[in-house]
Amino acid sequence: MSANDLKATKKLQASFISPTPQTGPDQDHINSTEHIREHTIADEISERTFQDVSLCYQCGKCSAGCPVRYYMDIAPNKVVRLIQLGFYEDALKSDTPWLCAGCLTCSTRCPKEFDLAKFMDAVREIAIEKGVEIKQKNIIKFHKAFLDQIKSHGRAYEVGLVAEYKMKTMDLFQDVDSAPGMYFKGKLGLLPHNIKDRKGVKSIFKKTSGK
Amino acid sequence: MTSMEEVIMKYGYYPGCSQTGSAKEYDISLRKVIEKLGASFDEINDWSCCGATSAHVTNHKLSSALAMRNIMLAGQQGLENMVAPCAACYNRLVTSQYEISKHPELREETEELLSAKFQKEINVINILELFLKIGINKIIENRKRELSELKVACYYGCLLVRPAAITKFDDAEQPVSMEKIVESTGAKTVDWNYKVECCGAAHSIARRDIVVDLSKKILEDARSHGANVIAVACPMCHTNLDMRQRAMKRTYPGHEELPVLYLTELIGLALGMNEHELGIDLHYINYKYTDPVPDNTVA
């Protein structure tokens, strides 16, 4: 493309996007509405995931290949649609983000290169921050128990994890068939592996727990 | 052997939490195999958990800081590269490093959380890349026996090859690198459909029902394509495919056991080590490799 062609293209694009001059009352009007426009949950998700939620054009390829779609209440692409349209409560209360296993099949196949797994991370994070009631309680309890181990020891301590999870869920019988087997095979240590700089790791948790 | 080659044979090592517990045998077999192949590890001093699934699904800043702490430690230790044998750790580490190099605001927040500056990018590699770097020829040269009785379904799971833009490794839908490594042991590999399908991963405890269903499909696909063993390169995949076969027998009466071995254990068997040395006897499904009976009946 020659320099002249490029100039012509740029001119055409500019005229297409903005037919009116960049000054005058219309522009002021646009600026003022920009200013008072509410920062929505959709905006927040876009910011946290470094991608615009409106990128998704609802082809549904993600849901077609999702290995856990069967167990979800809403198809993954529909959760994106709910966010795009502003039905935040429905999206945040959905089982879907919590059942997403983070396998990245959707993110890999998306024709718009929309990272849906990352989108689901942000939806979960915001659901926690907003105190939304989450149906998949055991999954939340598991993550909480896992992070507690890292917070205390710097590493995940599996015996502590299972013990804390069982206390939280009061589900004392699940896994009774595998945990002792692993213990007797010498896989699960009786004591946690504490790192030296536990203070440093704890401070990361402290600084990030506010938001 | 040139000094250049010697330098390349030393790798930074990030074991990951599972390697100290439920995936102990992965760590044991990896260290033994590496030694036999003439490579060595420099373990990251005072490494901590990468944050795993639980951090990235609940708090993106916490996740970034927990992973980057280890990358920075590797840099301080003067390392250029670092092996993360757990596919999930590998994925968290490469993804976090990619994200902070792409997004200055996240980088700033992460540095603030760690009270340190990110100065040096580390080449984080997965277990397959490690063996490809060491060289398949090295395995063939050091082989004590051919595992000719094995028909292996190579299971990559999710996190070794995805997302392609970040892992920049093999193919996201039809990877073949593990097959090349496994074939160097003299074993055969099978062409099958579930090599990159998810096993349910971190749902293993809270939604065991899902893991049992997904893992059952993987095992059955492997079997229906003629496999007599599955090779894995991830502790989470191993737990779900091996240990969850117990629960599988309850959900799916008539389920037939299929042994699941770490890639490092297969290589170890070919290098002449026995099941006990490699920690294979720590698996839920017992496994012992039997050499073929020599055919003496030739008339």
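What is the order of the strands in the open sheet of four strands in chain B, and is the pairing parallel or antiparallel? I began my notebook with this, keeping in mind that the model is predicted.

**Entry 1: the four-stranded sheet of chain B**

I read the order as E2-E1-E3-E4, and the pairing in this open sheet is parallel. I then looked for the edges and found strand E2 (40-43) and strand E4 (123-125) of chain B, each of which pairs on one side only. From one strand to the next I noted a twist that averages 40 degrees. I followed one pair more closely: strand E3 (residues 81-83) of chain B pairs with E4(B) in the parallel sense over three bridges, and there B:Met82 has B:Val124 in E4(B) as its bridge partner. I reminded myself that strands of a sheet pair through backbone hydrogen bonds, either parallel or antiparallel.

**Entry 2: strand E7 of chain B and its partners**

Next I turned to E7(B), which pairs with E5(B) in the parallel sense over three bridges and also pairs with strand E8 (residues 260-262) of chain B, again in the parallel sense over three bridges. For the pairing with E5(B), I recorded B:Ala231 in E7(B) as the bridge partner of B:Cys154, and for the pairing with E8(B), I recorded B:Tyr262 as the bridge partner of B:Val232. Which residues lie on the two sides of E7(B), and are they buried or exposed? I found B:Val229 and B:Ala231 on one side and B:Ile230 and B:Val232 on the other, all of them buried, so that both faces of the strand are covered. In a regular strand the side chains alternate between the two faces of the sheet.

**Entry 3: helix H11 of chain B**

I looked up helix H11 (residues 208-224) of chain B, which has 17 residues and reaches 24 Å from its first C-alpha to its last, close to the 24 Å expected at 1.5 Å a residue. Its buried residues are B:Ile210, B:Val211, B:Val212, B:Leu214, B:Ser215, B:Ile218, B:Leu219 and B:Ala222. An α-helix has 3.6 residues a turn, so residues three or four places apart point the same way. Among the elements that cover the buried residues of H11(B), I listed strand E5 (151-154), strand E7 (229-232), helix H12 (235-243) and helix H13 (245-251) of chain B. After H11(B) comes B:Gly226, whose phi is positive, near 95 degrees.

**Entry 4: the two domains of chain B**

Chain B is divided into domain 1 (3-125) and domain 2 (135-282), and I noted that their C-alpha centres lie 23 Å apart. In the contact between them, 23 residues of domain 1 of chain B meet 28 residues of domain 2 of chain B. On the domain 1 side, helix H2 (24-36) and helix H5 (87-102) of chain B each supply at least two residues, and the largest share, nine residues, comes from H2(B). By class, I found twelve nonpolar, seven polar and four charged residues on that side.

**Entry 5: chain A and its contact with chain B**

I then moved to chain A, which has 13 helices and zero strands. Buried residues make up 33% of its 211 residues. How many residues of chain B are in contact with chain A? I noted 44 residues of chain B in contact with 47 residues of chain A, and on the chain B side helix H3 (52-56), helix H4 (60-76), helix H6 (104-114) and H11 each supply at least two residues. That side of chain B has 23 nonpolar, 13 polar and eight charged residues.

**Entry 6: backbone details**

Lastly I looked at a few backbone angles. A cis peptide bond joins B:Arg162 and B:Pro163, with omega about -10 degrees, and B:Pro163 lies in the loop between E5 and helix H9 (164-167) of chain B. A:Gln58 is not a glycine, yet its phi is positive, about 65 degrees; I placed A:Gln58 in the loop between helix H3 (41-49) and helix H4 (61-65) of chain A. Is A:Gln58 buried or exposed? I found A:Gln58 exposed, with 12 other C-beta atoms within 10 Å.

B:Ala201, also a residue other than glycine, has a positive phi near 45 degrees and sits in the loop between strand E6 (188-189) and H11 of chain B. Because B:Ala201 has 26 C-beta neighbours inside 10 Å, I entered B:Ala201 as buried.

Note on methods. Residues numbered from 1 in each chain as written. Chains lettered and ligands numbered in written order. Predicted model: local features only at pLDDT ≥ 70, side-chain atom pairs only at ≥ 80, totals over all residues. Buried ≥ 20, exposed ≤ 12 C-beta atoms within 10 Å, placed from the backbone. Domains from an automatic or database assignment. Contact = placed C-beta atoms within 7 Å. Nonpolar A, V, L, I, M, F, W, Y, C, P; charged D, E, K, R; others polar. Expected span 1.5 Å × (residues − 1). Pairing = 2+ DSSP bridges. Axes fitted to C-alpha atoms, helices over the stretch in contact; angles between N-to-C directions.
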